Amino acid sequence: MTMTTIATTLLTLVELPYAYDSLEPYISAETMHFHHDKHYASYVAKLEGLISDTHYATMPLEEIVRSSDGAIFDNAAQAWNHVFYFEQFSPHAKHHPTGELQRAIDVEFGSFAALKQIMTDVSLSLFGSGWVWLAADRDGRLYIITKPNAGTPLTDGLTPLLSIDLWEHAYYIDYRNMRKDAVANLWKVIDWNKIEERYNNAIG
Ligand code: MN
């Protein structure tokens, strides 16, 4: 992955870890260009402007998210959320969890199919812009969490594992008002190798 350092801060504009068109036909290159190059990049640029000459300027992004509020939180959390979101996809995705994570999903939700159904239902019922998250606590227990706007489970002391971006900019080019189809197709590019890696890190 290429990292481009923005002068004077720790902020980086993180490049996609795959080609823009590689998640097609489920997420188009046009969506990825707008989502990454316009929306995500704009959060990073706005945050950079907001934190220059403040004590946040030398803070890691995750720490800014945990310790700020207002516009700094909104832009920091959206910057963090988007890197996290983009990194969970792969054109060579493993389509189902295995190992410890699979066991935890079975215990908490009954089955992987049930987890997907619940996250889909919650995604369809979220009003307005926001995110649906799968997150873990230190004991490895799993939670499905809905957050409006820039919200993230980082501020609840949980480790995020997977996110569904329900801002219209995430799907409107490809799916217009059909949020249901957008969410259904996300499961085809979410790489459970990545989600398992995050889970294994969470439980240490
Ligand atoms: Mn987004």
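Gln78 is a good place to start: with a relative accessibility of 1%, Gln78 counts as buried. This is a predicted model, and the tour below runs from Gln78 to the manganese site, then to a pair of packed helices and an exposed alanine.

**Gln78 and its surroundings**

- Gln78 is part of helix α3, and its burial follows from the cut-off, because buried means under 20% relative accessible area.
- The side chains of Gln78 and Trp131 make a polar contact at 3.0 Å.
- Setting aside neighbours within four places in sequence, Gln78 touches Tyr43, Phe73, Trp131, Asn149, Ala150 and Trp167.
- Trp131 thus turns up twice, in the polar contact and in the list of contacts of Gln78.

**The manganese site**

- Which residues are the protein donors of the manganese ion? They are His35 (NE2), His82 (NE2), Asp165 (OD) and His169 (NE2), lying 2.0 to 2.1 Å from the ion.
- Along the chain, these donors follow the spacing H-x46-H-x82-D-x3-H.
- Distant parts of the chain are linked by the pair His35 and His82, which sit 47 residues apart.
- His35 belongs to helix α1 (residues 29–51), while His82 belongs to helix α3 (residues 70–87).
- Helix α3 therefore carries both the donor His82 and the buried Gln78.
- Are these two histidines buried or exposed? His35 counts as buried at 1% relative accessibility, and His82 is buried as well, with a relative accessible area of 0%.

**Helices α4 and α8**

- Helix α4 (residues 99–109) packs with helix α8 (residues 192–203) at an angle of about 85°, and their axes are 8 Å apart.
- The two helices are therefore roughly perpendicular to each other, since angles of 65 to 115 degrees fall in that class.
- On the α4 side, the contact is made by Glu100, Leu101, Ala104 and Ile105.
- On the α8 side, the contact is made by Trp192, Ile195, Glu196, Tyr199 and Asn200.
- Sorted by class, this contact has six nonpolar, one polar and two charged residues.

**Ala113, an exposed residue**

- Ala113 is found in helix α5 (residues 112–125).
- With 51% relative accessibility, Ala113 counts as exposed, because the cut-off for exposed is over 50%.
- Ala113 and His96 are 17 residues apart in sequence, and their C-alpha atoms are 9.5 Å apart in space.

Conventions. Residues numbered from 1 in each chain as written. Predicted model: local features only at pLDDT ≥ 70, side-chain atom pairs only at ≥ 80, totals over all residues. Heavy atoms only, no water. Axes fitted to C-alpha atoms, helices over the stretch in contact; angles between N-to-C directions. Helix = DSSP H or I, 4+ residues; strand = E, 2+ residues; numbered from the N terminus. Parallel < 35°, antiparallel > 145°, perpendicular 65-115°, else oblique. Contact = heavy atoms within 4.5 Å. Nonpolar A, V, L, I, M, F, W, Y, C, P; charged D, E, K, R; others polar. Donors = N, O, S within 2.8 Å, 3.2 Å for Na, K, Ca; no water. Buried < 20%, exposed > 50% of the residue type's maximum accessible area, 1.4 Å probe, protein only. Polar contact = N/O pair within 3.5 Å; in protein donor to acceptor, adjacent residues only side chain to side chain.
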